[in-house]
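Trainee: Could you walk me through the salt bridges in this one? I'd like a close look at who pairs with whom, and how covered the partners are.

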Amino acid sequence: PVRRALAERFGAEVAAPEAALPAAERFSRGRGVDGVLIAAATPSSEPIHQAAEMCRTRGRIVLVGVTGLELRRSDFYEKELTFQVSCSYGPGRYDPLYEAKGQDYPFGFVRWTAQRNMEAVLDMLGDGRLDVAPLVSHRAPVEEAPRAYEVVLGAEPSLGILLEYAPEAKPERVEARTVAVAPRPAAVAGLPGVSVLGAGSYATVALLPGLRAARARLRCVVSSTGATGLHTARRFGFEETSTDAERVFADPDTEAVVIATRHDSHAGYILRALEAGKHVFCEKPLCLTSDELERIEVLYRHLAHEGRAPVLMVGFNRRFARLVRAMRERLAAVPGPRAIVMTVNAGAVPADHWTQDPEVGGGRILGEGCHFVDLARFLVGAPIERWARWSLPAPPSDSATLQLAFADGSTAAIHYLANGSRAFPKERVEVFAAGRVLRLDNFRVLRAYGWPGFRGRRLWRQDKGQRACVEAFVAAVRAGGPLPIPPDELFEVTRVTLELARQPRGAWT
């Protein structure tokens, strides 16, 4: 009754549930209504039944709220009714191209979208045609928020509940903020200052433990959300945390920058770091386009020509794995070309995942397949001259065979597959050379066939080389000398993988 009275204040003609059908009969002069909008929130299916009874033949029912859906066939069969569940607040909702990338629908074809509906509501609020003040049933200071949620979940009638902040308690809006977390160490001689962009799961699980083990001076961690950055800074011992990446590039105590953000930001951050004279470790891939690669390569070679080339490294960690190093040592002792077969049981990733987006993640061939192109390049030790990609036709085309031909006559076939079973091992590397075979399973078991005096090695736990990769970077920053991965190889692997990622199915280059 209270809510019906409120609706009457807004001009609605109201009938109690038991009087709904007679009201619809009078309103439609006995013909039945054209359509019914159901905005109820109840587990009961009675609103659906009432809506069907009050509709005319071939009428329409739209469920905006949430009700039970035990439909009576006779209600819909005899009148040929149409039933539809409304999906949120307009076309564009749940469309990643619309919501995340701002690709609007043409006005002439889609008059009302989620944004245009919101514009209409804001217009009505602005000129007073839509008055929401009577819909506020409760107000509570933010300190009593638990009590407000008790009202929502309890039996007390409520509509809109506002949490109010005292004027002095309103936080200032800031675009970026830097917070000191730990005091600067008294003695930092010989410890390179390293700052990290990104505090996601891979950074915290693989990269930051490696930096700490390498005894780097952890200067600043940057995260888009201050809470995540603060938690990460306290956990690993950073001196500062910030939401502003420029803080890192301008920091005189930051010698090296580790980039662990989304793939589409890598190139911009690499260029900014190189311009600022910082060493760079970028979690793969180096970039997403050929134009970005050209800009990075031109800038790096310019700095090298002037004798100011910093350490530039991509997180191709598999070449640093202990068993991969053991394979490389033995292959170097035998003559002739190698034939490499890699099987990567990568598993399926949803088509709408950010890594599948060519503009954000670059797709899986570029975003993850680059690891295996680099691994093949490392094991062969010769430049890649030709390459091809053969993809399965089912979209997304992240199940593919990548074929590489090397300058010394070696070949590699990388089977990157998303259509396998989790029960099968994830990664296997097989190398055939000089009448001998090496087989590496999941970077834990190395078996040798035809190698006198060597049958293989087995580790207690998997080692993909993440920690050794980071430690090699820190060591290069600290001491200089040969780079852990030659820049020419970084650029070569990136160029080849970029070509493979955009290559038509079955075309040789």
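Mentor: Let's start with Glu427, which counts as buried because its relative accessibility is just 3% (buried is under 20% relative accessible area, exposed over 50%, partly exposed in between, with a 1.4 Å probe and protein chains only). Keep in mind that this is a predicted model: local features need pLDDT of at least 70, side-chain atom pairs need 80 or more, and totals for chains, interfaces and linings use all residues. Numbering runs from 1 along each chain as its sequence is written, and side-chain values use heavy atoms, leaving out hydrogens and water.

Glu427 has a salt bridge to Lys464, at 3.2 Å from N to O (a Lys or Arg side-chain nitrogen within 4 Å of an Asp or Glu carboxyl oxygen). These two sit 37 residues apart: Glu427 is in strand E17, Lys464 in the loop between strand E20 and helix H16 (DSSP runs numbered from the N terminus: helices are H or I, at least four residues; strands are E, at least two). Lys464 is buried too, at 12%.

Elsewhere, shared partners link Arg217, Arg219, Glu239, Glu240, Arg247, Asp251 and Asp253 into one network. Within that group, Glu240 and Arg247 come to 2.8 Å at their closest N and O atoms. Glu240 is buried at 10%, while Arg247 is partly exposed at 26%.

The whole count is 33 salt bridges. Another one joins Arg58 and Glu80, at 2.9 Å. Arg58 belongs to strand E2 and Glu80 to the loop between helix H4 and strand E3, so this pair ties together parts 22 residues apart in sequence. Here Arg58 is exposed at 59% and Glu80 partly exposed at 48%.
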